[in-house]
Amino acid sequence: MSGKSKKRGGLRFWLALWAAKLSVPALKLTGHAATNFPGKVAMKLCPGFLSYMAHPETVIAVTGTNGKTTVANLLLDTLEASGKRVCGNRESSNMYSGVTSALLSSVSVFNKCRVDAEVIEVDEHATRLILPDMDPDLLIVTNLFRDSLMRNAHAEFVASRLDKNIPKGLRLLLNADDLISSGLAPENPRAYFGIEKLDTDVTECVNRINDVRVCPKCAGRMEFEYRRYHHIGRAKCVDCGFASPDYDYSAKVDKSTGTMTIRDASGAGTYRLLSDAIYDMYNLVSVVGALRQLGMSHEDIGAALSKVKIAGIRRDETTIGGVRVINQLAKDKNSIGCSRVFDYIHSQPGKKELLLMMNSLLDEGHWSENVCWYYDCDYEFLADPSVTHVVCAGPRYKDMKLRLLLAGVPEERISLERDELRASELLYMEPGTDVYLLYGTDTTDTMLQVREHLADLKK
Ligand SMILES: [Zn+2]
């Protein structure tokens with residue numbers, strides 16, 4: 001297989017390719033992690049490097065505010081389980097240099113492509129450079145929400161930038177239940193996925209953030225047939241008739257069997273749910289929709305998915321001293337991601353106890369965002385009586401307590417300790433109450449240490 005490239009590379013490209021490839025073993029020999037550095041070398045020596053690089057027949061890009069890592073990794077795993085050789089940016093960043101670093105191993109030193117498919121996760125703002133250079137066959141947009149204020153912008157601004165950056169003719173797979181991203185690049189060919197009405201749906205927004213308060217076309221009043229959370233659901237403008245698009249991949253969830261049946265124009269397949277969280281249901285239907293777009297049958301997709309160990313789900317559980325301990329990523333600085341996790345925990349049966357340790361790298365030379373995102377996040381879910389105890393840890397532990405108090409969590413249910421390990425000792429760890437360790441993208445290692453510490457204490 002030789003692969004396709006957009007442009008023919010000159011001397012600069014060959015030098016960049018060899019230098020970047022050589023930097024990988026060089027970094028390893030000197031004990032450095034080869035994350036984005038090789039990509040930076042390639043970009044420096046040859047701007048537009050990805051457009052000269054050979055790519056396989058199948059290239060899928062995934063962007064959006066939430067779920068893009070899970071979707072991209074699941075696609076890689078499923079394609080691999082179906083016998084394809086794949087490459088993607090699992091380990092490196094979703095910016096140009098990270099994607100370049102990740103894809104270096106997919107070509108030989110003679111720029112011959114060695115894989116059957118590439119799946120890349122792309123930061124919404126990095127689409128501007130990556131999409132034209134990579135020329136993917138399919139772009140999946142999971143959703144668009146308000147995100148970290150320090151590193152991102154309002155969802156409508158992000159949508160307007162994506163509109164400008166999506167190359168003409170690029171096939172899109174969009175979320176019909178998201179009124180913001182479903183309207184992207186209206187001239188481009190597209191298919192829509194969505195989830196049919198659930199018994200937990202509402203019509204009024206109970207969340208602090210609602211990014212679609214009026215009709216995006218005429219600023220008229222929107223009426224929701226059903227609403228899942230924030231602006232996600234099916235709606236219609238009472239003034240101009242603007243409405244959510246119809247589903248091409250329509251998912252019907254059966255919680256009693258833990259399955260989802262996905263129907264499209266040429267068939268249907270029943271799939272085991274990744275988890276009972278709604279965001280994982282969206283992840284699953286977008287993955288199946290993308291594989292159907294590639295021409296895979298429901299049977300083949302189901303068979304491949306059944307072989308995949310779901311590592312994309314950022315949740316794991318164990319039992320310590322007879323207590324169920326669940327560690328769950330609650331993406332800090334992203335109020336919607338965190339709200340989804342709080343909502344999920346509050347809706348789980350039984351009593352729960354929480355250790356909050358998000359946004360914790362204030363002291364270690366890392367930046368720490370201001371805490372305004374706490375006030376966009378639905379801490380109110382934690383005021384539920386089933387949440388019996390919340391321990392706040394990390395440099396922002398006092399800010400976290402203030403937010404919990406404002407959300408209506410009684411003070412006697414809140415404990416404070418800046419040091420995460422000592423904070424874990426404050427957990428009651430009572431059998432029958434589930435313990436959730438909520439960590440952020442910067443505090444994965446801290447969470448692992450805390451879990452080990454809890455296990456040591458119970459020995
Ligand atoms: Zn309207």
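# Sheets, helices and two domains

F193 has Y249 of β9 as its bridge partner. That pair belongs to the parallel pairing of strand β6 (residues 190–195) with strand β9 (residues 249–254), which runs over 3 bridges. Please keep in mind that this is a predicted model. The tour below starts with the sheet that holds β6 and β9, then turns to a second sheet, two helix pairs and the domains.

**The sheet of 9 strands**

- This open sheet has mixed pairing, and its 9 strands follow the order β2-β3-β1-β4-β5-β6-β9-β10-β11.
- At the edges stand β2 (86–88) and β11 (267–272); each has a single partner strand, so one side of each has no neighbour in the sheet.
- From one strand to the next, the twist averages 20°.
- Helix α4 packs on this sheet and touches β1 (58–63), β2, β3 (117–121) and β4 (138–141).
- The direction of α4 makes about 165° with that of β3.

**The sheet of 6 strands**

- Here, too, the sheet is open and the pairing mixed, with the 6 strands in the order β12-β13-β17-β14-β15-β16.
- The edge positions belong to β12 (315–320) and β16 (414–416), each with a single partner strand, so one side of each is left without a neighbour in the sheet.
- Neighbouring strands are turned against each other by 20° on average, direction ignored.
- Within this sheet, strand β14 (residues 351–357) pairs with strand β17 (residues 433–439) in the parallel sense, over 7 bridges.
- To find one of these bridges, look at K352, whose partner in β17 is D434.
- Helix α13 (residues 444–457) lies across β12, β13 (323–329), β14 and β17, and runs at about 150° to β17.

**Helices α4 and α8**

- Besides packing on the sheet, helix α4 (residues 68–81) meets helix α8 (residues 278–293): their axes come within 10 Å and cross at roughly 45°.
- At that angle, which is neither under 35 degrees nor in the range 65 to 115, α4 is oblique to α8.
- The crossing of α4 past α8 is right-handed.
- On the α4 side, the contact is made by T70, V71, L74, L75 and T78; on the α8 side, by N283, S286, V287, A290 and L291.
- By class, the residues of this contact are 6 nonpolar and 4 polar, with no charged ones.

**Helices α1 and α2**

- Helix α1 (residues 11–29) packs with helix α2 (residues 37–45) at an angle of about 160°, and their axes are 8 Å apart.
- Since an angle over 145 degrees counts as roughly antiparallel, α1 and α2 are therefore roughly antiparallel to each other.
- This pair also has a right-handed crossing.
- From α1, the contact uses R12, L15, A16, L17, A19, A20, S23, V24 and L27, while α2 brings in F37, P38, G39, V41, A42 and L45.
- The contact of α1 with α2 has 12 nonpolar, 2 polar and 1 charged residues.

**The two domains**

- The domain assignment of the protein chain gives domain 1 as 11–173 + 275–307 and domain 2 as 315–457.
- Taken over C-alpha atoms, the centres of domain 1 and domain 2 are separated by 31 Å.
- Domain 1 puts 11 residues into the contact, and domain 2 puts in 12 residues.
- On the side of domain 1 that touches domain 2, the residues divide into 5 nonpolar, 4 polar and 2 charged.

Note on methods. Residues numbered from 1 in each chain as written. Predicted model: local features only at pLDDT ≥ 70, side-chain atom pairs only at ≥ 80, totals over all residues. Axes fitted to C-alpha atoms, helices over the stretch in contact; angles between N-to-C directions. Helix = DSSP H or I, 4+ residues; strand = E, 2+ residues; numbered from the N terminus. Left-handed = near helix turned anticlockwise from the far one by under 90°. Contact = placed C-beta atoms within 7 Å. Nonpolar A, V, L, I, M, F, W, Y, C, P; charged D, E, K, R; others polar. Pairing = 2+ DSSP bridges. Domains from an automatic or database assignment.
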